[in-house]
Amino acid sequence: MTTLDLEHLVQPDRVHKSVYTDSSLFDLEMEHIFEKAWVYCGHESQVKNVGDYFTVQIGRQPMVMVRDKDQTVHVLYNRCPHRGVELCGNQSGNTGQAFVCSYHAWSFHLNGKVRAIPLMKGYDGTRLHTNDPDSSMVPAPRVQSYRGFVFASLSSSGPDLVEFLGDAKVAFDDMCDRSPVGEVEAVPVMHRVVQKSNWKFFMENQLDALHPSVTHQSTGVAARRVEQRLKSEKGSAPLFFHYLSTFASSFDQWDAVQTVNFPHGHGILKAYMGLRPTDPDTVEYEAILKKAYGEDKGEEYLSRSIHHVLIYPYLSVQSPLQQLRCLRPISASETLSEIWHFRLKGVPEAIYQRSLWYFNLVNSPATMINADDLENWTKAQIGLQSNGGEWVSLHRNHGQDTEKEGVLYSNNGTSEVVMRNQFIAWKAYMLNAQSNNPV
Ligand code: FES
Ligand SMILES: [Fe+2]
């Protein structure tokens, strides 16, 4: 057993490979990061009706998000207080007026409070009482939602949700403001992928502008060829070719895209796809938005420069196309990702189709884009588990970023400031572990 040496593990321009591979460090991450920070549970529209529930993993804890009779959304530990059995075995469903345990039928109100214990007489004279909190399901200490997106924290103290999100809350503003009524709805088809690699690879990759032209070259170049042929033959090509062809942009183009790196490890990759074509569907949609918000506000909402927003350590939101991916780490070398997309309320169907295209063409586990990334991360895990070296290099453009009021701006889009900023946050979370846990 050695003491956790954060100064050694995380240096300004490199990190030790064990932060991706060591299972005792993974346990500390779960305890000191995922089970303390605000973690995304789901969208309110996933539990529309009273009794609707959706199960969710926060760190190592099985939780359930549920809609109560007064419309409140609760997040509870998915555990029966009798002998500890999981209460909801399905991913989602409707539990009616109460949760009823499948083992001995203890039942619970939708806020988790015990409702009935069968054959209560058998407890006469014992210290078990229905008014004892130990007889009820345990709620997450804190639950808050922002514009319909529900988060829970398993810590009773710490910053509130809006403070935690900071400027990265624009992820949800940008998504919702693109609807004329300011709301989105989760599309109930969610893809799930288990990547055979550490969760950090996913987070680093989202704002890594150095990789697309290499990793996704074959797809990008092929899509560009077809896109150009269609344009020359027919005058235009469907927008979805553009989604793929931009992956093969030149390195100069990638360097011209900025990353903005916030406190807490959050960050933004600014827009590079130019998503405002002038076809009739887009013209109609933009007119609807400007009618709802006025010319200036509508223009402001349509022209925000965002490609991805990262909420560290588990969320990637692509607000202009209504995409969201959420990580649920399993072990140091396995990570589950949930892949969602959303429908903007009050917009023409053609605009929803664009979100669906992107969901299927780029983020789905069946696409060539996601598969390319997954392969890299698997190979990265294999390489880092080897004895072929100790360090992971984060040197690119080190010392050349601009810092202003705690925010780091890249001067080159391909700067590894993204990873450096995430490790500043990682180290800050893990300082708690350093003080009371040997590794
Ligand atoms: S374990 Fe749930 S009622 Fe017995
Ligand atoms: Fe990629």
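What share of the contacts in the protein with a separation of 6 or more is accounted for by residues 24 or more positions apart? In this predicted model, such residues account for 65% of those contacts, which is worth keeping in mind while selecting stretches of the chain one after another.

**The whole chain**

Begin with the full protein shown as a cartoon, where 15 helices and 23 strands can be picked out. Turned along the principal axes, the C-alpha atoms fill a box of roughly 85 × 55 × 40 Å. The radius of gyration is 23 Å, which agrees with the value near 22 Å that a compact globule of 439 residues would have. If you colour by burial, 39% of the 439 residues count as buried.

**The two domains**

Next, select residues 41-146 as domain 1 and residues 166-436 as domain 2, following the domain assignment, and give each its own colour. The C-alpha centres of these two domains lie 35 Å apart, and where they meet, five residues of domain 1 are in contact with five residues of domain 2. On the side of domain 1 that touches domain 2, the residues divide into one nonpolar and four polar, with no charged residue.

**The cores**

Now select Val39, Cys41, Met63, Met65, Ala152 and Ile311, which are the residues with the most contacts inside the largest nonpolar core, a set of 91 residues. Add helix H15, residues 417-436, which gives eight residues to this core and so contributes the most to it. Because domain 1 and domain 2 both give residues to this core, it lies between them. A second core, separate from that one, has nine residues, and Ala223, Tyr243, Phe247 and Phe359 are included in it. In soluble globular proteins, nonpolar side chains tend to be buried together.

Return to valine 39 and display its surroundings: leaving aside neighbours within four places in sequence, valine 39 is in contact with Phe34, Ile58, Phe151, Ala152 and Tyr314.

**A loop that meets the start of the chain**

Move to glutamate 390, in the loop between helix H14 (368-384) and strand S21 (391-393). Is glutamate 390 buried or exposed? Glutamate 390 has 10 other C-beta atoms within 10 Å and is therefore exposed, since a residue with 12 or fewer such atoms counts that way. Select serine 18 as well and draw the distance between the two C-alpha atoms, which is 8.2 Å although the residues are 372 apart in sequence. With neighbours within four places in sequence left aside, the contacts of glutamate 390 are with His16 and Lys17.

**Backbone details**

Most residues other than glycine have a negative phi, and most peptide bonds are trans. The last three stops can be viewed against that background.

Select tyrosine 312 and proline 313, which are joined by a cis peptide bond with omega of about 15°; proline 313 sits in the loop between strand S17 (308-311) and strand S18 (315-318).

Then go to glutamine 71, in the loop that runs between strand S5 (61-67) and strand S6 (73-77), where phi is near 80°, a positive value in a residue other than glycine. Glutamine 71 counts as exposed because it has 8 C-beta neighbours inside 10 Å.

Finish at arginine 147, found in the loop between strand S11 (142-146) and strand S12 (149-153). Arginine 147 also has a positive phi, of about 50°, although it is not a glycine, and with 16 C-beta neighbours inside 10 Å it counts as partly exposed.

Key
Residues numbered from 1 in each chain as written. Chains lettered and ligands numbered in written order. Predicted model: local features only at pLDDT ≥ 70, side-chain atom pairs only at ≥ 80, totals over all residues. Helix = DSSP H or I, 4+ residues; strand = E, 2+ residues; numbered from the N terminus. Rg over C-alpha atoms; globule rule 2.2 N^0.38 Å. Buried ≥ 20, exposed ≤ 12 C-beta atoms within 10 Å, placed from the backbone. Contact = placed C-beta atoms within 7 Å. Core = buried A, V, L, I, M, F, W, Y, C linked by C-beta atoms within 7 Å. Domains from an automatic or database assignment. Nonpolar A, V, L, I, M, F, W, Y, C, P; charged D, E, K, R; others polar.
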